[in-house]
Amino acid sequence: MKERMDKARPAPDCIAVRMRRRALPGLVAALLCWSAALPVQSQALPEAPWPTRQWAQATPAEQGMDAGALAALVDWGGANGMDSLVVTRRGYIVAEAYYAPFQSGMRHRINSATKAVVGSLVGIAQAQGKLGSMEQPMLAHFADRKMGNPDARKQAITLQQLLDMSSGLEWRESLVDGVPESLNALRASSDWVQYVLDRPMAAEPGSGFNYNSGGSHLLAAILTRQTGMDLQAYAQQQLLGPLGISNVQWQHDPQGVATGGFGLYLQTRDMAKFGYLYLQGGVWEGRQIVPRAWVDKVFAATVPMQLTPEADWRYADQWWTLPARAAYLAVGYVRRRVPRGGREHLSAGRAAVLVREQRVQCGAVLHAMPDGAQHDADGDARVLVFAVGAAGQQLVHAARVIDDEVQV
């Protein structure tokens, strides 16, 4: 078994964790070097260094978290086909696990979580003056192409509507069940951009949400044109590189355009960096990487996804949001089911994580301040959870902190 432990932690606690984790089927490494001391009480730690080169580590107790809840989370991951798991708080990793055959250092296909990266690049390019208004017609960027099914409504589709998946284009890519017919046809076509542009209209632009990876690919093509760079190279220069992310793979379409709706491969710790960037308001090492106004827009999603009557899921700029839980997600294939009803509690001081049924392949959950308050300077009361699992398996859902209880 390959394990990485924080050498500064008391040896007896680390050894106890190692022995217990060896009994967990399929566990390759668990970076859960926590203190057994309870009750949970946050301890004074120096401000975490930026994790550009590497993440700092802390015990759950030092970050006011419930070690038992994190242990249950890791056990659950081993029993439910997860590949890896990272939990951070205030810039420290407090829990991390890898399950065989997946290992630390491996890149993982993040599927539709790629969309959140592409959305961020749109925000960066706009701030650099390369895109103009998000309300401009998207077809202005494809004036050199002819397309099927001409329609005045298609002429009216804006960049923002592509970002919010409210373009009105006919597209069948169910988030619940069924075959993603349009996505499969896109991948089988010889020209992905043309395939999306040729789709007929099914609704007025802006009239409602309809999940559409094709629209995300149009955004990737537009970015490629407007920046004059391959999207992976632009992402490395403007977003991934400043975060210290270099071990990257990105699929491309037949014309050489990096795929906008899926296809990015990252290490799990690097995915956590991306989430941490958003928790810091788009700032990294004192530099505004993603415009603050863009981050705030993601955290104030307004487009109803209408997935279930029980939960008010919202969408904005390629991110999912569950406002009632102050949870913000970059979600990847395949999401089978969202949380339904019920409430569970844990004694957890300031923050914790709980497992809920939400079947996806990979994604991130950002837990913001209680009651939707703006993110503060030191990240107090906020948790980043990034979990990656095999197709059809479940992902953790971040809990909302209310006083000394955690409710989900």
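**Note on the predicted model**

1. Thr59 lies in the loop that runs between strand E2 (56-57) and helix H2 (67-79). The model under discussion is a predicted one. Is Thr59 buried or exposed? Its relative accessibility is 4%, and because buried means under 20% relative accessible area, Thr59 counts as buried. Along the chain, Thr59 and Ala95 are 36 residues apart, and their C-alpha atoms are separated by 8.1 Å.

2. The overall composition of the protein chain may be set out next. The chain has eleven helices and 20 strands. It comprises 408 residues, of which 60% count as buried. Among contacts with a separation of 6 or more, 71% are between residues 24 or more positions apart. The exposed area of the protein chain is about 15,600 Å², and carbon and sulfur atoms supply 50% of that area.

3. Two nonpolar cores deserve comment. The largest holds 68 residues, and those touching the most other members are Leu121, Met138, Leu239, Trp250, Tyr278 and Val290. Helix H3 (residues 114-127) contributes the largest share of this core, namely seven residues. Another core, of 15 residues, lies apart from the largest one; among its members are Tyr211, Met305, Trp320 and Ala327.

4. Helix H3 merits a point of its own. How many of its 14 residues are buried? Twelve are, so H3 is largely enclosed by the rest of the structure. The buried residues of H3 are Thr114, Lys115, Ala116, Val117, Val118, Gly119, Ser120, Leu121, Val122, Gly123, Ile124 and Ala125. From its first C-alpha to its last, H3 reaches 20 Å, close to the 20 Å expected at 1.5 Å a residue. Just after this helix, Gly129 has a positive phi of about 80°.

5. Helix H2 follows the loop that holds Thr59. The end C-alpha atoms of H2 are 19 Å apart, which agrees with the 18 Å that its 13 residues should span at 1.5 Å a residue. Where the helix starts, a side-chain oxygen of Asp66 comes to within 2.8 Å of the backbone nitrogen of Gly68. Buried in H2 are Ala67, Ala69, Leu70, Ala71, Leu73, Val74, Trp76 and Gly77. As a general matter, an α-helix has 3.6 residues a turn, so residues three or four places apart point the same way. Just after H2, Gly81 adopts a positive phi of about 70°.

6. Strand E7 (residues 264-267) is covered on both faces: Leu264 and Leu266 are buried on one side, and Tyr265 and Gln267 are buried on the other. Which strands pair with E7? One is strand E5 (residues 107-109), antiparallel to E7 over three bridges; the pairing sets His108 opposite Leu266. Strand E6 (residues 249-250) also runs antiparallel to E7, joined to it by two bridges, with Gln249 standing opposite Tyr265.

7. Strands E12 and E13 form a hairpin with four residues between them. Strand E12 (residues 319-322) pairs with E13 in the antiparallel sense over three bridges, and Leu322 stands opposite Ala327 of E13. In the turn, Ala326 has a positive phi of about 50°. Why is strand E13 (residues 327-331) described as largely enclosed by the rest of the structure? Five of its five residues are buried, so that description follows. Ala327, Leu329 and Val331 point one way from E13, whereas Tyr328 and Ala330 point the other way. Ala327 is also one of the residues of the 15-residue core.

8. Several backbone features should be inspected in the model. Most residues other than glycine have a negative phi, and most peptide bonds are trans. Arg90, in the loop between strand E3 (82-89) and E4, has a positive phi near 55°. Asn149, in the loop between H3 and helix H4 (152-155), has a positive phi near 50°. The relative accessible area of Asn149 is 41%, so this residue is partly exposed. Finally, the peptide bond joining Ala100 and Pro101 is cis, with omega about 5°. Pro101 belongs to the loop between strand E4 (92-99) and E5.

Definitions and conventions: Residues numbered from 1 in each chain as written. Heavy atoms only, no water. Core = buried A, V, L, I, M, F, W, Y, C linked by side-chain atoms within 4.5 Å. Buried < 20%, exposed > 50% of the residue type's maximum accessible area, 1.4 Å probe, protein only. Pairing = 2+ DSSP bridges. Expected span 1.5 Å × (residues − 1). Contact = heavy atoms within 4.5 Å. Areas by Shrake-Rupley, 256 points an atom, 1.4 Å probe, with all protein chains shown as cover. Polar contact = N/O pair within 3.5 Å; in protein donor to acceptor, adjacent residues only side chain to side chain.
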